[in-house]
Every structure is written in structure tokens, then in C-alpha cells.
Amino acid sequence: MTQPPRAEIDQIAEASIAALRAPSLFNSQPWRWRLVGHHGELWADRSRQLTGLDPAGHLLLLSCGAALHHATVAMHAAGYVADVVRLPDPDRPDLVARLRQGAACEPDDRLYRAIYRRRTDRRPFDDERPGPAALDELRAAAGRHGVHLHVVREDQVTAFAAAVARAGAIEHADPRFRDDVLAWTTRSRPDRDGVSARSVVPSTPRTVAPRNFAVARPAALEPGPGTDQGTVYVVLATDADEPHDWVAAGEALSDVWLTLTARGLAASPISEVIEVDAVRTALRRVLGGVGSPAIAMRVGVPVAEAEPVPAAMRRSGTDVVGLPGQL
Ligand SMILES: Cc1cc2nc3c(=O)[nH]c(=O)nc-3n(C[C@H](O)[C@H](O)[C@H](O)COP(=O)(O)O)c2cc1C
């Protein structure tokens, strides 16, 4: 006997649960889902905006875009194309997307399985460099969302590293930035969000210095034997700088990251260069005509036998997904 089709709203609810695992700025998880009739509404949650690091809410929208893409991947794994309308109501700019079940398609769970394996891996990677075929695949993943993936060329790496260092120094000296870092690295356990010291590595000599999260608590993740020599730096860039572009950049970030995870590669984002306006402008110049940088990432081959990075906490479905009037 064939199974009756699942209620559409159950598919959306399940997709919104998978989307809990999406990456977000400082694990702020700045979104909510509302299940309305046959569709799900994804809302930006401004109460979770990092107002020092992200005053315009660009990285908040980017994080919501990553959650949206995670949800579409879950629907694809269940055998449906996701029917998405992005930013459907100009009078309600925090309504990021309306999502419903589209046409039936061949189920594909390759990226879905990667959702549960993906981690922000801040450890130094191996000497071996991700190959050209992998980088082409990542470029195509970003391109599906109209986003450019620029691989920082070897002759641009020094300027890129200088931009990251300059952004880090500016942020460290500014109480507005420092307060956000402090707040989101010292969240209490019941909050189930923020960046835990267990996922942060102590600083070791590297071409591009990792972000300094250890403002209040010492970094507690073993960096391992990697040298980071094979690490590739990529920048996701959009043609314009409008809310639609930031959402698309988030979808692209998710697609690129799940794609590289499925290939056995690892990554961590670098957003300081986006958060500090002057550095973002300088980066645009360094890269020359790639568009508006939305986020950078380091991508590499994890060292052999590296232990998985501990999974970062997530809020529960009952806190994030609800019927109208509940959330
Ligand atoms: C918009 C955005 C910006 C981020 N910026 C950084 C960053 O600058 N440095 C970093 O190490 N991780 C960065 N991250 C990774 C988050 O800290 C990470 O996704 C979050 O803590 C959850 O951990 P997980 O990705 O392992 O699930 C960023 C993620 C997003 C979506």
C-alpha cells in the first residue's frame, strides 16, 4: 500500500527544525518560523541582532538566508521542490520568506546529511589544498543563488590577511564591538546559543589570524597539527547591497558550506572584514570588481583523523517554530 502524502505543513515544520542547525553570526539564531495555513513564514528576529557588530542587520539577514536554504534542502530530501517567495511584503521587511511545498522531485539527501555534519571548524587545516574541481563546485553552489564566489589569489592573500588583522584590531579597540563579543561568548547554558569556548582554538601563528573570541573565556578546542598552508580563502560577493542580496548571500553561504562538507572539506567564516565598513571598502578594492563582499570564508582539507568539532548548541523547535499567535 502506498503511503498517503504527508500534510504539507508537516513538511514545512520538519524543514524548519532542520534549519535550526544553520550557521549564524555568533550563533545568534536570529529567526523565527510561523506556520500559517499551507506555508511557513521565516521572520528575522531583531531582538537577536548584534547591534555593535551588525548595526544595519546585514549579517542578521545573511544568517536568515542560511536558515532558509537549510529548510529548502530538507524539503528536497523529502522529495519536494521548495516554493519560496523572498521578502514578499515591503511593509513587513522582517518577513524574510514565505515557503511552501512545490512540485514533487527526485529526493536528494546529499546536502541534507551534511546539515548534521557541518561545523564551524576554526582549527588550522592541512597542507593539501582543495583541488580545482572542488572550487568549481563551490563556485557553482554560490552561482545558484546569483552570488559570486571569488577565490582569493595567491598574490592577494597578503592584502587579505592584512585586512582581516586590521578589522580585528579595530573591533578589539572599540567597546561597541567588544560588548557584543563578550555578550555572545558568555551566554548561559539554558539560552542554547552563542559561541562556546569549546569550539574556539587558541591563537597559533597563521597566514590569516582567526577571530579573537577569547575575550572572557580561554579558547578550549585543541588546534591540532594542521599548518593551514593549504587553506583557501574565498569571498562571497553580490551585485548590489540590498536586503535581497544579503538573503541570497546567506543562501549561498549555506549551499557552499553544505557542498564542501559533503565533499569532506571544512570551513569557517570570516566576517570581521564585512563588519568594519572601512575594511570592507578596502577589501572590495583589493579584490577588484568582484561586487559587494558579503562574507569571507576559509576552506580547507581537515587534518587526517581530526576529531569532529563539538556541535554548537541550538534553541529547540518549540522556541523557534510556532503557529500564529504563539511566536
Ligand atoms: C554571518 C556569519 C558570520 C560569521 N562570522 C564568523 C567569524 O567571523 N568567525 C568565526 O570563527 N565564525 C563565524 N561564523 C560562524 C558562527 O560563529 C557559527 O555558525 C555559530 O557559532 C554556530 O556554530 P556552527 O556553525 O558550528 O553550527 C559566522 C557565521 C555567520 C552565519
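Helices here are DSSP runs of H or I at least four residues long, numbered from the N terminus. With that settled, here are the close-ups, all taken from a predicted model.

**View 1. The end of helix 9 and its buried side.** Helix 9 covers residues 277-287, and right after it comes Gly288, with a positive phi near 65°. Val279, Arg280, Ala282, Leu283 and Leu287 are the buried residues of this helix. Looking down the axis of helix 9, you'd find these buried residues within an arc of 165°, so they line one face. That fits the usual pattern: an α-helix has 3.6 residues a turn, so residues three or four places apart point the same way. Flip to the face turned away from the buried side and you meet Asp277 and Arg285, both exposed. And what covers the buried residues of helix 9? Strand 5 (148-151), helix 5, strand 6, helix 7 (243-262), helix 8 (272-275) and strand 8 (292-300) are among the elements doing that job.

**View 2. Phe26 meets Phe213.** Searching the whole structure turns up three aromatic pairs. In the one shown here, the ring centres of Phe26 and Phe213 are 5.2 Å apart and the planes are at 55°, so we call the pair tilted. The two partners come from distant parts of the chain, 187 residues apart. Phe26 belongs to the loop between helix 1 (8-18) and strand 1 (31-36), while Phe213 belongs to the loop between helix 6 (175-184) and strand 6 (232-238). Both rings' residues, Phe26 and Phe213, are buried. Phe213 has another visitor too: the charged end of Arg211 sits over its ring, 5.9 Å from the centre.

**View 3. Phe160 and Tyr233, another tilted pair.** Centre to centre, the rings of Phe160 and Tyr233 are 5.5 Å apart, with 40° between the planes, and the pair is tilted. Phe160 sits in helix 5 (residues 157-173) and Tyr233 in strand 6, so the pair ties together parts that are 73 residues apart in sequence. Phe160 and Tyr233 are both buried.

**View 4. Arg187 over Trp184.** Here Arg187 lies over the face of Trp184, at 4.2 Å from the ring centre.

**View 5. Around the ligand.** How many residues surround the ligand? There are 22, and the closest are Thr120, Arg122, Arg211, Ser271 and Arg314. Zoom in on the side chain of Arg122 and one of its N or O atoms is 2.6 Å from a ligand oxygen. For the side chain of Arg211, an N or O atom is 2.8 Å from an oxygen of the ligand. Glu272 joins in as well, with a polar side-chain atom 3.3 Å from a ligand oxygen.

Terms used
Residues numbered from 1 in each chain as written. Predicted model: local features only at pLDDT ≥ 70, side-chain atom pairs only at ≥ 80, totals over all residues. Heavy atoms only, no water. Phe/Tyr/Trp six-rings, centres within 6.5 Å; stacked < 30°, edge-to-face > 60°. Helix = DSSP H or I, 4+ residues; strand = E, 2+ residues; numbered from the N terminus. Buried < 20%, exposed > 50% of the residue type's maximum accessible area, 1.4 Å probe, protein only. Lys NZ or Arg CZ within 6 Å of the ring centre and 35° of its normal. Arc of directions from axis to C-beta. Contact = heavy atoms within 4.5 Å. Near = heavy atom within 4 Å. Polar contact = N/O pair within 3.5 Å; in protein donor to acceptor, adjacent residues only side chain to side chain.
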